[in-house]
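Grab your favourite viewer and a coffee. Here are some exercises on side-chain contacts, each with a solution you can follow step by step.

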Amino acid sequence: MGNPNFASGKSAEAVSNPPPYSSITEPIDEPPTYQQPNVSHSISRDGVSTSEETVGINECITHLKFLAATAKLRNFIRGTDKLFGVCDSEIRNFPDPRKQSQAAVRIQEKRWAVYVARAVERFTVWWQTCLPSLNSSRISMLDSSSEAKIAWSTDMMPPLDVLMVWHAYMLNPHAFLEDCLRQSKMSLWATGLPWDVVNASIDDETLVFYPGSKARINFETRTGQSWENIDDTPTKALFCLGCKQEIIAPWTEGSIGCDPDVAFAHCIGYADKSLRASCPACKFSITHDSLRVQKFRNDVQKLLKDDLPMPGTLLSQNGTPADDENDDNASFPNQLIKEGMRSELLQLTDLTENGSATIETIRDHLEGFLKSRSLMRRVNKTILAAGNSSMPERISLRNMLSRYWDNSSPFAIDLVGAVIRQGTFVDKMDKIGWIRSPNLRSTMGHFVSKYDMFFQIMAKNKGHAVVPTLDIDLIWHTHQLSPARYYTFSTAQTEGIFINHDDKIDEIKLNDAFAWTSKQYQKLTGGKIYSECICWYCEALRESSNQGLSRLISPSTLHAKTNAARLHDSADTTTDGRSQGPHISSHNAVRILAQSDPRAIQTKTAQLESCWEKAQRRSHNRSGSRGGGSAYEDPLRKNSHGPYERDPEILREIYPCNPACVNITAGVVGNCISGTHGVGLAQGACVSGTMSAQTRSKGKSFCAGMAGCGVSL
């Protein structure tokens with residue numbers, strides 16, 4: 001269990017184990033100092049780019065190596081019987097073969113879910129103990145200081161599971177910037193992922209991550225945790241919110257249950273949906289709800305004592321750091337708490353007096369305050385006359401509360417969900433296998449060129465969701481892993497807007513936005529194909545895009561038809577005719593519960609099937625006229641879900657927060673603050689950070705950043 005090579009996906013034959021920590025007799029070096037050389041990299045607020053560089057090919061290749069190492073780790077954890085007490089033998093509890101198959105999948109998913117929850121905890125400790133914090137009295141103002149980069153080395157690298165969490169975290173640029181500002185970690189933001197060090201830590205042949213024994217010793221010395229996730233304690237230490245005594249909770253507890261469709265839903269461990277840890281002294285029960293309330297209370301106390309802004313109040317609607325003089329709405333929650341509600345909120349969130357308090361309770365209290373015009377005028381002097389819309393204030397409060405929806409961590413987002421959604425992308429990258437291509441460099445160069453076009457579409461089409469293909473998404477992700485460079489490039493290209501990459505978008509809207517993006521790419525490039533793939537889905541979308549009367553078809557559409565016809569001759573296909581080309585990137589697809597209609601997916605699939613059949617008939621006619629050939633039957637078409645739909649392998653009952661679903665039903669937490677539903681802030685489904693200035697100035701409700709790998713300005 002404690003073999004670090006196996007836990008990192010490394011085979012015993014491929015490499016020898018590093019010596020156990022206890023057997024090292026050589027002097028242990030002092031933990032490395034995270035040096036900050038005299039090289040500053042501050043953010044430019046005026047959107048002027050200091051560099052036209054986007055993404056380097058070597059960075060893309062290293063990124064692929066990292067994803068391959070992560071895939072190895074994921075496969076190892078999922079397949080390790082009895083890990084975290086989750087046993088394969090439970091499959092035999094189900095006599096029905098179909099149920100047995102479901103149970104096998106859920107058991108593997110549960111092991112990975114617990115592992116990721118532990119990884120997030122380990123990342124939190126690493127973030128707090130191993131990374132430099134800058135002492136700044138005005139952390140909300142980037143202009144106040146220049147942030148120096150960290151001089152990374154292999155000896156400073158954390159374990160792969162911690163690096164995996166950091167990777168997923170940075171792929172939410174607004175959240176990562178906000179937390180780096182708020183928690184004084186701007187050196188990390190300015191430096192980004194150290195590609196050269198990551199590359200040196202991954203074996204070129206085995207694609208296994210191991211930076212060396214010094215990195216292991218340093219991590220264990222500084223954090224007090226084992227290098228290997230699975231060697232850490234099987235329990236989680238919590239502190240009673242009533243009497244402050246320590247409570248020991250298991251990470252997971254219980255079996256799969258009697259129905260794979262709700263597997264592990266009844267479990268009460270820290271990484272389970274139904275956490276319940278009772279204090280033996282005062283009998284207070286800790287739940288995920290109480291931990292979220294406590295997080296809110298702690299943040300309120302830091303605001304009142306240290307003037308530390310509340311989460312969700314540091315960035316403007318453009319995603320750039322808010323200016324106190326011009327972005328009063330962003331800081332409205334801070335003013336409200338300090339000047340109007342400090343005593344009420346502290347009393348409301350005191351769990352020793354109000355043990356049933358939830359984020360819904362806080363939401364209701366804030367909503368009641370907004371109905372009082374006199375109290376609102378006392379806090380915000382810009383509200384003059386009764387009847388003047390308070391939508392901006394409502395949106396700012398909702399943006400703040402979004403940091404607490406299903407999230408008790410010290411970060412702006414639930415990092416467990418972020419890693420799980422990225423797992424879908426990691427799996428696709430592993431299956432495509434670009435890292436094994438003999439033409440890897442030229443392939444990455446082609447992808448970078450496509451990404452440049454993709455970014456132009458985002459910059460030129462404010463208000464539209466833009467969805468990448470898998471190849472473009474790889475480059476986009478790589479770009480974001482250098483946050484300062486991505487910020488500078490993004491704000492320069494979009495006149496001051498920091499393009500976000502929140503990883504949740506409704507699956508139906510994802511499909512529609514992908515079709516629109518494909519058309520825009522076709523127009524911009526004079527008919528080049530966006531998705532260079534011949535699966536049934538991509539064929540159907542191309543057919544849909546190129547339909548219309550011949551006299552109305554543009555030259556780019558004619559060229560697109562010609563290029564599409566050539567795909568079957570040039571596409572990299574398997575023996576069964578399936579394309580290996582990259583199509584829609586849908587790792588971020590989620591289901592919007594309030595808008596969920598079982599018939600919607602069926603209708604969308606039927607429309608795509610009709611277009612696919614037309615494309616097949618055309619392909620058959622072309623082949624027949626040349627004397628042979630026929631259209632193939634794509635096995636992917638027989639799947640139970642389309643490639644634009646949410647990952648069916650993610651079961652909501654396994655996680656404290658459902659990674660693949662968003663609930664915006666009126667009255668639920670994800671749709672809090674009356675009068676703002678539809679503005680696109682529900683539980684991360686959309687964000688306000690990329691709303692256009694025109695929409696903002698009109699005071700209209702908005703839905704911006706329909707996100708994940710889809711964004712709108």
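The exercises below go through charged pairs, a lysine, aromatic rings and the nonpolar core of this predicted model.

**Exercise 1. Work out which parts of the chain the salt bridge between Arg 111 and Asp 81 links, and how each partner is placed with respect to solvent.**

Step 1: start with the distance. The closest N and O atoms of Arg 111 and Asp 81 are 3.4 Å apart, and the cut-off for a salt bridge is 4 Å.

Step 2: find the two residues along the chain. Arg 111 belongs to helix H3 (residues 97–129), while Asp 81 is in the loop between helix H2 (57–78) and H3. The partners are 30 residues apart, and the pair links distant parts of the chain.

Step 3: check accessibility. Arg 111 has a relative accessible area of 0%, so call it buried. Asp 81 comes in at 34%, which makes it partly exposed.

Step 4: look for shared partners. Asp 81, Asp 88 and Arg 111 are joined by salt bridges into one network. For the whole structure, the search turns up 22 salt bridges.

**Exercise 2. Take the salt bridges Glu 178 with Arg 403 and Glu 220 with Arg 216, and work out what each one spans.**

Step 1: take Glu 178 and Arg 403, whose closest N and O atoms are 2.6 Å apart.

Step 2: place them. Glu 178 is in helix H5 (residues 173–182), and Arg 403 is in the loop between helix H13 (391–401) and helix H14 (415–432), so this bridge ties together parts 225 residues apart in sequence.

Step 3: ask about burial. Glu 178 is buried at a relative accessible area of 0%, and Arg 403 counts as buried too, at 12%.

Step 4: now do Glu 220 and Arg 216. Their closest N and O atoms are 3.8 Å apart. Both sit in helix H8 (residues 213–223), and because they are 4 residues apart, about one helical turn separates them.

Step 5: check burial again. Glu 220 has 12% relative accessibility and counts as buried; Arg 216 is buried as well, at 9%.

**Exercise 3. Is Lys 65 buried or exposed, and which residues does it touch?**

Step 1: place Lys 65, which is in helix H2.

Step 2: read off the accessibility. The relative accessible area of Lys 65 is 4%, and the cut-off for buried is under 20%, so Lys 65 is buried.

Step 3: look for a polar partner. The side chains of Lys 65 and Asn 199 are joined by a polar contact of 2.7 Å.

Step 4: list the neighbours. Leaving out residues up to four places away in sequence, Lys 65 touches Asn 199, Ile 202, Asp 204, Leu 207 and Ile 435.

**Exercise 4. Classify the ring pairs Phe 123 with Tyr 169 and Phe 219 with Trp 227.**

Step 1: count up what's there. The structure holds 28 aromatic pairs.

Step 2: do the geometry for Phe 123 and Tyr 169. The ring centres are 5.8 Å apart and the planes are at 90°, so this is an edge-to-face pair.

Step 3: place the rings. Phe 123 is in helix H3 and Tyr 169 in helix H4 (residues 160–170), 46 residues apart, so the pair links distant parts of the chain.

Step 4: check burial. Phe 123 is buried at 0% relative accessible area, and Tyr 169 is buried at 0%.

Step 5: repeat for Phe 219 and Trp 227. With centres 5.9 Å apart and planes at 90°, this pair is edge-to-face. Phe 219 is buried with a relative accessible area of 3%, and Trp 227 counts as buried at 3%.

Step 6: zoom out to clusters. Ring pairs link a set of residues into a cluster, among them Trp 189, Tyr 451, Trp 476 and Phe 498.

**Exercise 5. Which lysines lie over the faces of Tyr 270 and Tyr 521?**

Step 1: go to Tyr 270. Lys 236 lies over its face, 5.1 Å from the ring centre.

Step 2: go to Tyr 521. Here Lys 450 is the one over the face, at 5.8 Å from the ring centre.

**Exercise 6. Which residues touch the most other members of the largest nonpolar core?**

Step 1: pick out the hubs. The largest nonpolar core has 158 residues, and Phe 123, Trp 152, Trp 166 and Trp 434 touch the most other members.

Step 2: find the top contributor. That's H3, which gives 13 residues to this core.

Step 3: zoom in on Phe 123. Setting aside neighbours within four places in sequence, Phe 123 is in contact with Val 162, Val 165, Trp 166, Tyr 169, Phe 411 and Leu 415.

Definitions and conventions:
Residues numbered from 1 in each chain as written. Predicted model: local features only at pLDDT ≥ 70, side-chain atom pairs only at ≥ 80, totals over all residues. Heavy atoms only, no water. Salt bridge = Lys/Arg side-chain N within 4 Å of Asp/Glu carboxyl O. Helix = DSSP H or I, 4+ residues; strand = E, 2+ residues; numbered from the N terminus. Buried < 20%, exposed > 50% of the residue type's maximum accessible area, 1.4 Å probe, protein only. Polar contact = N/O pair within 3.5 Å; in protein donor to acceptor, adjacent residues only side chain to side chain. Contact = heavy atoms within 4.5 Å. Phe/Tyr/Trp six-rings, centres within 6.5 Å; stacked < 30°, edge-to-face > 60°. Lys NZ or Arg CZ within 6 Å of the ring centre and 35° of its normal. Core = buried A, V, L, I, M, F, W, Y, C linked by side-chain atoms within 4.5 Å.
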